[in-house]
Amino acid sequence: WPIMLAAVIFAIWLLSRSLTNPVSRANWDAKFLRWPVMGNLIGKVEMARFSRSLGTLLQNGVPLLAGLAILKDTLGNAVFRDAVDVVSRDLKEGRGMAKPMMEANVFPKLAVQMIGVGEETGKLDEMLVQVADVYDREVAAALKRALALIEPVMIVGLAFLIGGIIMSLLVAMFDLMDIPL
């Protein structure tokens, strides 16, 4: 037990240390985004955060380039931060916002298409808020489905745990009474 506990503590320390290194953090974030279910959820959460923050900044009169610079610090995923850097650089060159976002291959296609429509109509701030609303609803629905799937697994797990406790008590009682099983 002490060796296993020390190994677990060492693994946690090693993981936390590697997450503080920017290069290692970027690698971990890229791996997290490739996970089948969680990666999709992380991407939707980051997209909702991106859209809500940028839309709010634009609605309050912050210029788009300054808003992207501010926004970069609010994102939790290094892959998204790097993509925002690329989008910001391309925006300075006059390429627009939707094309670099599509080429980054990080942002969901629906969100990029909605942002492109907002860019063309001149109502980017309103469209960003709508994108955030859409992805907030998708995240809530995905979490609700995940919790609905976890509930039966927890019930079965608790049944096995309680059954194991009862069996260990019965075995101990039979051993005390010297009754063969």
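Helix H3 (38-59) and helix H8 each supply at least two residues of the lining of the largest pocket, in a model that is predicted. This pocket has a volume of about 210 Å³, and its lining is made up of Val37, Met38, Asn40, Leu41, Lys44, Ala142, Leu143, Arg145, Ala146 and Leu149. The largest share of that lining, five residues, comes from H8. Sorted by class, the residues that line the largest pocket are seven nonpolar, one polar and two charged.

The second largest pocket holds about 160 Å³ of space, and the residues that line it are Leu33, Arg34, Gly39, Asn40, Gly43, Lys44, Val79, Phe80, Val106, Pro108 and Tyr135. Helix H2 (22-34), H3 and helix H5 (78-92) are the elements that give two or more residues to this second lining. Here the largest share, four residues, is contributed by H3, and the composition by class is six nonpolar, three polar and two charged residues. Asn40 and Lys44 appear in the lining of the largest pocket and again in the lining of the second largest pocket.

**Salt bridges**

Lys44 also takes part in a salt bridge, one of the seven that the structure holds. Three of these pairs, with the distance from N to O, are set out below.

| Basic residue | Acidic residue | N to O distance |
|---|---|---|
| Lys44 | Glu138 | 3.1 Å |
| Arg52 | Asp133 | 2.8 Å |
| Arg95 | Glu103 | 2.7 Å |

The side chains of Glu138 and Lys44 meet in a salt bridge of 3.1 Å from N to O, and this pair links distant parts of the chain, with Glu138 in helix H8 and Lys44 in helix H3, 94 residues apart. Lys44 counts as buried because its relative accessibility is 14%, and buried means under 20%. Glu138, at 26% relative accessibility, counts as partly exposed.

A salt bridge also joins Arg52 to Asp133, and their closest N and O atoms are 2.8 Å apart. This pair, too, links distant parts of the chain, since Arg52 lies in helix H3 and Asp133 in helix H8, 81 residues apart. Arg52 counts as partly exposed at 30% relative accessibility, and Asp133 is partly exposed with a relative accessible area of 31%.

In the pair formed by Arg95 and Glu103, the side chains meet at 2.7 Å from N to O. Arg95 counts as partly exposed at 32% relative accessibility, whereas Glu103 is exposed because its relative accessible area is 52%, and the exposed class begins over 50%. Beyond the individual pairs, salt bridges that share partners join Arg52, Asp133 and Asp136 into one network.

**Nonpolar surface**

What makes the nonpolar surface patch of about 1200 Å²? The patch is made by Leu158, Leu161, Ile162, Ile165, Ile166, Met167, Leu169, Leu170, Val171, Met173, Leu176 and Met177. Among them, Leu176 is found in helix H8, which covers residues 124-177. Leu176 counts as exposed because its relative accessibility is 75%.

Helix H8 therefore recurs in several parts of this description: H8 gives five residues to the lining of the largest pocket, holds Glu138 of the pair with Lys44 and Asp133 of the pair with Arg52, and contains Leu176, which counts as exposed at 75% relative accessibility.

Methods. Residues are numbered from 1 along each chain as its sequence is written. This is a predicted model: local features need pLDDT of at least 70, side-chain atom pairs count only at pLDDT 80 or more; totals for chains, interfaces and linings use all residues. Side-chain values use heavy atoms; hydrogens and water are left out. Patches are made of residues with over 30% relative accessible area and no salt bridge: like charges are joined within 9 Å, nonpolar side chains (Val, Leu, Ile, Met, Phe, Trp, Tyr) within 5 Å. Accessible areas come from the Shrake-Rupley method with a 1.4 Å probe; for residues, only the protein chains shown count as cover. A salt bridge is a side-chain nitrogen of Lys or Arg within 4 Å of a carboxyl oxygen of Asp or Glu. Buried means under 20% relative accessible area, exposed over 50%, partly exposed in between (1.4 Å probe, protein chains only). On a 1 Å grid over the protein atoms alone, a cavity is a set of points where a 1.4 Å probe fits but cannot get out, and a pocket is an open set with protein on both sides within 12 Å along at least five of seven lines; lining residues have an atom within 4 Å of a point. Grid points are joined across faces, edges and corners, and a volume is the space filled by probe spheres set on the points. Ala, Val, Leu, Ile, Met, Phe, Trp, Tyr, Cys and Pro count as nonpolar, Asp, Glu, Lys and Arg as charged, and the others, Gly among them, as polar.
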